[in-house]
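Could you walk me through this protein model, from its overall layout down to a few odd spots in the backbone? I'd like an explanation I can follow with the viewer open.

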Amino acid sequence: MAHQKILILDFGSQVTQLIARRVREAHVYCEIHPNDVSDDFIRAFAPQGIILSGSHASTYEDHQLRAPQAVWDLGVPVLGICYGMQTMAVQLGGEVSWSDTREFGYAEVRAHGHTELLKGVQDFSTPEGHGMLKVWMSHGDKVTALPPGFKLMASTPSCPIAGMANEDKRYYAVQFHPEVTHTVQGPEIFNRFVREICGCAGDWIMGNYIEEAVARIRDQVGDEEVILGLSGGVDSSVAAALIHRAIGDQLTCVFVDHGLLRLNEGQMVMDMFAGRLHAKVVHVDAAAQFMGHLKGVTDPEQKRKIIGREFVEVFQAEAKKLSNAKWLAQGTIYPDVVESGGTKTKKATTIKSHHNVGGLPETLGLKLLEPLRELFKDEVRELGVALGLPPDMVYRHPFPGPGLGVRILGEVKPEFADLLKRADAIFIEELRSTIEPNSGKSWYDLTSQAFTVFLPVKSVGVMGDGRTYDYVVALRAVQTSDFMTADWAELPYSLLKKVSSRIINEVRGINRVTYDVSSKPPATIEWE
């Protein structure tokens with residue numbers, strides 16, 4: 001691609017992908033590659049600037065986690081974040097040591113020196129006139145001596161060197177994490193670095209990206225046929241629309257109804273893709289097959305792998321009916337890859353597997369086409385609208401590939417799925433119909449993801465003059481801009497009360513409703 005590029009070197013942090021998202025928000029293209037790429041690779045990549053990520057490691061413990069020499073020889077701006085700052089210090093002649101006061105979470109950082117990176121960037125000022133930043137810290141080590149040519153850029157009481165800069169070489173480093181939403185001025189810091197210091201023009205725009213993506217798909221596929229697993233979710237839907245734009249009838253969508261979809265979702269998917277987009281869609285009713293393999297299975301990782309395996313088997317069976325099918329397309333996006341420990345470094349710790357990125361057997365016999373793999377959710381939505389998909393579908397809340405299989409805790413049973421579908425439909429209906437007066441938006445639009453979870457426990461209740469002993473569901477609603485971190489949504493009590501009342505009265509078999517008030521981290525958005 002002809003875009004100006006930022007190279008992000010990944011040292012194994014769980015939030016490296018957030019760095020990429022912030023750079024993309026500044027309309028600058030970037031790629032993540034492992035920290036140990038060769039000098040030749042870096043020179044050939046020809047970045048406008050380089051960003052060094054954080055890591056779980058210590059600079060004095062893992063001496064393999066170093067930036068290649070070309071980073072310092074290329075003559076482009078470099079931004080080090082957390083561990084990236086520490087390896088910059090060590091490699092350029094400074095010192096890093098273990099700290100007896102670790103910093104995890106909120107911190108207030110004082111800016112020093114009026115550097116180009118932080119000049120005029122602050123959240124508030126002290127009575128003495130010092131500019132202060134509200135940031136998120138996550139470190140146990142700290143820089144204790146600046147490398148030659150560097151000056152102090154930021155500090156906290158427990159971390160005297162929380163930022164440093166060598167402005168002659170355009171090297172900048174911060175101990176805090178500007179990529180997470182908790183660092184208020186994070187977007188401005190990235191914008192300052194990539195647009196002003198690196199001089200990138202900002203030409204990464206989804207509307208313009210379509211032409212590039214279409215050309216790439218046509219180049220990959222040629223005259224061969226593609227089979228795509230259509231789930232009805234945003235990611236697979238946008239992938240289908242993009243691939244259909246590129247190759248038309250060479251694409252066959254396989255819509256697998258595994259019995260774990262939302263209420264009436266099967267009909268909605270067929271109406272949208274076969275009816276409105278005029279795409280070739282094969283509707284496969286595989287509920288009995290999936291439920292049979294899930295019987296007796298309670299471990300969430302096993303359930304995910306079983307569902308992923310069965311998807312692959314269905315695709316294989318359908319692909320055999322298409323003599324020219326050589327490609328399996330999927331709606332894999334960046335967060336899927338991150339949470340599966342599937343970043344290119346393979347150094348990140350696995351949180352949970354995703355059926356899109358794990359378990360594809362070597363015997364599949366199909367090449368993999370993942371046109372959204374490098375995009376974040378917000379970019380996928382922008383792309384969908386640019387492709388002409390209805391906004392109400394594109395901005396639909398995310399739905400996991402394994403469907404309700406990971407929203408039914410423990411064993412998945414058809415009767416549990418039926419109860420959950422109806423309870424979830426009530427929750428979503430009330431979110432859509434309840435308007436928040438200050439914004440004028442529905443609570444569905446104000447939440448990033450909302451759903452109901454089926455708990456495999458029973459509780460005692462009273463209905464009329466009788467005793468009930470029925471199941472429990474939990475409501476989950478979160479607000480997030482990146483799906484890497486999330487806060488639980490403070491829904492109005494009146495809304496929760498109405499949802500609870502309707503579920504208990506309308507869904508026979510459920511007599512108790514709870515609300516999940518956990519944020520991510522430490523919890524994940526989904527329960528399994």
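What follows goes from the domains to the cores and a pocket, and then to some single residues.

Keep in mind from the start that this is a predicted model. The domain assignment splits the protein into domain 1 (5–196), domain 2 (206–395) and domain 3 (414–515). Take the two ends of that list: the centres of domain 1 and domain 3, taken over C-alpha atoms, are separated by 41 Å. There is still some touching across that pair, with six residues of domain 1 in contact with four residues of domain 3.

Now for the nonpolar interior. The largest nonpolar core has 92 residues, and the ones with the most contacts inside it are Leu228, Leu260, Leu372, Leu383, Leu431, Leu491 and Ile503. Where does this core sit relative to domain 2 and domain 3? Both domain 2 (206–395) and domain 3 (414–515) give residues to it, so the core lies between them. Ile503 is a handy residue to click on here: leaving aside neighbours within four places in sequence, Ile503 is in contact with Ala423, Ile426, Val473, Leu475, Ile510 and Val513. Apart from this core lies another one, of 38 residues, and among them are Ile19, Ala154, Ala165 and Ile189.

Next, a pocket. The second largest pocket has a volume of about 450 Å³. It is lined by 22 residues, and Leu263, Met268, Arg396, Ile428 and Arg432 are the closest to its centre. If you prefer to think in secondary structure, the elements that give two or more residues to this lining are helix 8 (265–276), helix 13 (391–394), helix 14 (414–433) and strand 18 (449–463). Which element gives the largest share of the lining? That's helix 14, with six residues. For anyone thinking about the chemistry of the walls, the lining of the second largest pocket has ten nonpolar, two polar and ten charged residues. As for placement, domain 2 (206–395) and domain 3 (414–515) both contribute lining residues, so this pocket lies between them. Like the pocket, the largest nonpolar core lies between domain 2 and domain 3.

Let's turn to single residues, beginning with His244. It lies in helix 7 (residues 234–247). Is His244 buried or partly exposed? Its relative accessibility is 21%, and because buried means under 20%, His244 counts as partly exposed. Not counting residues up to four places away in sequence, His244 touches Leu251, Leu277, His278 and Ala279. Val473, one of the contacts of Ile503, makes a reference point for His244: the two are 229 residues apart in sequence and 39 Å apart in space, C-alpha to C-alpha.

Glu25 can be treated in a similar way. This residue is in helix 1, and with a relative accessible area of 33% it is partly exposed. Glu25 and Arg508 are 483 residues apart along the chain, and their C-alpha atoms are separated by 46 Å.

Finally, the backbone oddities. Most residues other than glycine have a negative phi, and most peptide bonds are trans. Against that background, a few spots deserve a look. His27 has a phi near 65°, a positive value in a residue other than glycine. You'll find His27 in the loop between helix 1 (16–25) and strand 2 (29–34), where it is partly exposed, with a relative accessible area of 35%. Arg170 isn't a glycine either, yet its phi is positive, at about 60°. Arg170 is in the loop between strand 9 (159–166) and strand 10 (171–174), and it is partly exposed too, with a relative accessible area of 31%.

The peptide bonds worth checking come after strand 21. Lys520 and Pro521 are joined by a cis peptide bond, with omega about -15°. The bond from Pro521 to Pro522 is cis as well, with omega near 10°. Pro521 is in the segment after strand 21 (510–515), and Pro522 is in the segment after strand 21 too.

Terms used. Residues are numbered from 1 along each chain as its sequence is written. This is a predicted model: local features need pLDDT of at least 70, side-chain atom pairs count only at pLDDT 80 or more; totals for chains, interfaces and linings use all residues. Side-chain values use heavy atoms; hydrogens and water are left out. On a 1 Å grid over the protein atoms alone, a cavity is a set of points where a 1.4 Å probe fits but cannot get out, and a pocket is an open set with protein on both sides within 12 Å along at least five of seven lines; lining residues have an atom within 4 Å of a point. Grid points are joined across faces, edges and corners, and a volume is the space filled by probe spheres set on the points. Helices (H or I, at least four residues) and strands (E, at least two) are DSSP runs, numbered from the N terminus. Ala, Val, Leu, Ile, Met, Phe, Trp, Tyr, Cys and Pro count as nonpolar, Asp, Glu, Lys and Arg as charged, and the others, Gly among them, as polar. Domain bounds come from an automatic or database domain assignment. A nonpolar core is a set of buried Ala, Val, Leu, Ile, Met, Phe, Trp, Tyr and Cys residues joined through side-chain atoms within 4.5 Å. Buried means under 20% relative accessible area, exposed over 50%, partly exposed in between (1.4 Å probe, protein chains only). Contact means heavy atoms within 4.5 Å.
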